[in-house]
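I opened this file to note down what can be read from the coordinates. The entries follow in the order in which I looked things up.

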Amino acid sequence: MSESNADGMMSPEPEREVVELEKLRKSVDELTRQVAKLEEKKKPDSLGWDDVAQEIIGAITFALPFIFTGEVWDVAKDISVERSLAIFLMTMGLAYLFLTKAQLGNLKREEIFHVPKRLITVALISYAVSALLIYLFGIDYIARFSPLQYFNATVIISTFAVIGAIAVDMVR
């Protein structure tokens with residue numbers, strides 16, 4: 001219904017109010033969408049296939065330069081298994097601290113038997129990538145590694161692969 005003014009003409013006020021209400025409704029809808037997007041960004045990131053892919057990329061990127069250095073080959077040939085295990089434990093300890101205590105990424109805390117899932121995936125991916133790269137590029141043949149030296153080289157190179165896998169996974 002329209003209101004008429006003193007001259008008997010229809011007042012445009014109700015139509016303008018409807019237009020204004022429609023504008024307000026659109027503004028509220030847009031703000032609601034923006035708030036939903038912000039809340040989605042704040043939600044912790046669960047471990048998914050995209051994270052695994054990022055870990056693989058990071059592990060390969062950080063491990064590749066080190067598999068081609070003769071110094072790494074020499075160290076792998078000369079260190080004992082005990083030192084390799086100490087390097088492994090140190091690497092896993094630092095990775096654990098970084099994943100659980102560093103507040104760099106918005107990561108969901110997911111655990112299997114009180115061990116962070118990301119630590120498990122980072123370790124498996126990094127060590128598999130390192131061993132595979134050594135084999136694919138024939139470094140074990142070129143450097144004439146024994147099985148023990150191959151293990152040592154994998155542990156040494158994986159130290160860098162773990163760093164890369166964590167770094168690339170946490171950067172978003």
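**Entry 1: surface and overall make-up**

I began with the accessible surface of the protein chain, which comes to about 11,600 Å², with 66% of that belonging to carbon and sulfur atoms. I note here that the model is predicted. Of the 172 residues in the chain, 31% count as buried.

I then listed the secondary structure and got seven helices and two strands. Along the sequence, the elements follow the pattern α-α-α-α-β-β-α-α-α. I also checked the contacts with a separation of 6 or more, and residues 24 or more positions apart account for 79% of them.

**Entry 2: the nonpolar core**

Which residues have the most contacts inside the largest nonpolar core? I found Ile134, Phe145, Val162 and Ile166, in a core of 31 residues. I went on to ask which helices supply at least two residues each. They are H2 (49–67), H3 (70–78), H4 (81–101), H5 (117–136) and H7 (147–170). The largest share, nine residues, comes from H7. As background, nonpolar side chains in soluble globular proteins tend to be buried together.

I took Ile134 as a sample and left out residues up to four places away in sequence. Ile134 then touches Ile67, Ile139, Asp140, Phe145, Tyr150, Ala153, Thr154 and Ile157. One of these partners, Phe145, is also on the list of residues with the most contacts inside the core.

**Entry 3: helix H2**

I checked the length of H2 against its residue count. At 1.5 Å a residue, its 19 residues should span 27 Å, and the end C-alpha atoms are 26 Å apart, which agrees.

Next I asked which residues of H2 are buried. They are Asp51, Val52, Glu55, Gly58, Ala59, Ala63 and Ile67. I noted that Asp51 and Glu55 are in this buried set together with Val52 and Ile67. The cover over the buried residues of H2 includes H3, H5, H6 (139–142) and H7.

**Entry 4: a nonpolar patch on the surface**

I looked for nonpolar side chains on the outside and recorded a patch of about 560 Å². Phe68, Leu132, Tyr135, Leu136 and Phe137 make up this patch. I followed up Phe137, which sits in the loop between H5 and H6. Phe137 has a relative accessible area of 42%, so I entered it as partly exposed.

**Entry 5: Arg144 and Gln149**

I looked up the backbone of Arg144, which has a positive phi of about 60° although it is not a glycine. Arg144 is placed in the loop between H6 and H7. Is Arg144 buried or exposed? Its relative accessibility is 65%, so it counts as exposed.

Gln149 lies in helix H7. Gln149 has 17% relative accessibility and therefore counts as buried, the cut-off being under 20%. Leaving aside neighbours within four places in sequence, I found Gln149 in contact with Ala76, Lys77 and Arg144.

**Entry 6: salt bridges**

How many salt bridges does a search of the whole structure find? I got three.

Arg25 forms one with Glu22, where the closest N and O atoms are 2.4 Å apart. Both Arg25 and Glu22 are in helix H1 (residues 13–42), three residues apart, about one turn of the helix. Arg25 also meets Asp29 in a salt bridge, at 2.9 Å from N to O. Asp29 and Arg25 are four residues apart in H1, so about one helical turn separates them. I therefore recorded Glu22, Arg25 and Asp29 as linked in a network of salt bridges.

Glu30 and Arg33 form a salt bridge as well, with an N to O distance of 2.9 Å. Glu30 and Arg33 are likewise in H1, three residues apart, about one turn of the helix. On the general side, an α-helix has 3.6 residues a turn, so residues three or four places apart point the same way.

Finally, I went through the accessibility of these side chains' residues. Arg25 is partly exposed at 41% relative accessible area, and Glu22 is partly exposed at 33%. Asp29 counts as partly exposed at 31% relative accessibility. For the pair further along, Glu30 is partly exposed at 34% and Arg33 counts as partly exposed at 47%.

How values were computed: Residues are numbered from 1 along each chain as its sequence is written. This is a predicted model: local features need pLDDT of at least 70, side-chain atom pairs count only at pLDDT 80 or more; totals for chains, interfaces and linings use all residues. Side-chain values use heavy atoms; hydrogens and water are left out. A nonpolar core is a set of buried Ala, Val, Leu, Ile, Met, Phe, Trp, Tyr and Cys residues joined through side-chain atoms within 4.5 Å. Buried means under 20% relative accessible area, exposed over 50%, partly exposed in between (1.4 Å probe, protein chains only). Contact means heavy atoms within 4.5 Å. The expected span of a helix is 1.5 Å times one less than its number of residues. Patches are made of residues with over 30% relative accessible area and no salt bridge: like charges are joined within 9 Å, nonpolar side chains (Val, Leu, Ile, Met, Phe, Trp, Tyr) within 5 Å. Accessible areas come from the Shrake-Rupley method with a 1.4 Å probe; for residues, only the protein chains shown count as cover. A salt bridge is a side-chain nitrogen of Lys or Arg within 4 Å of a carboxyl oxygen of Asp or Glu.
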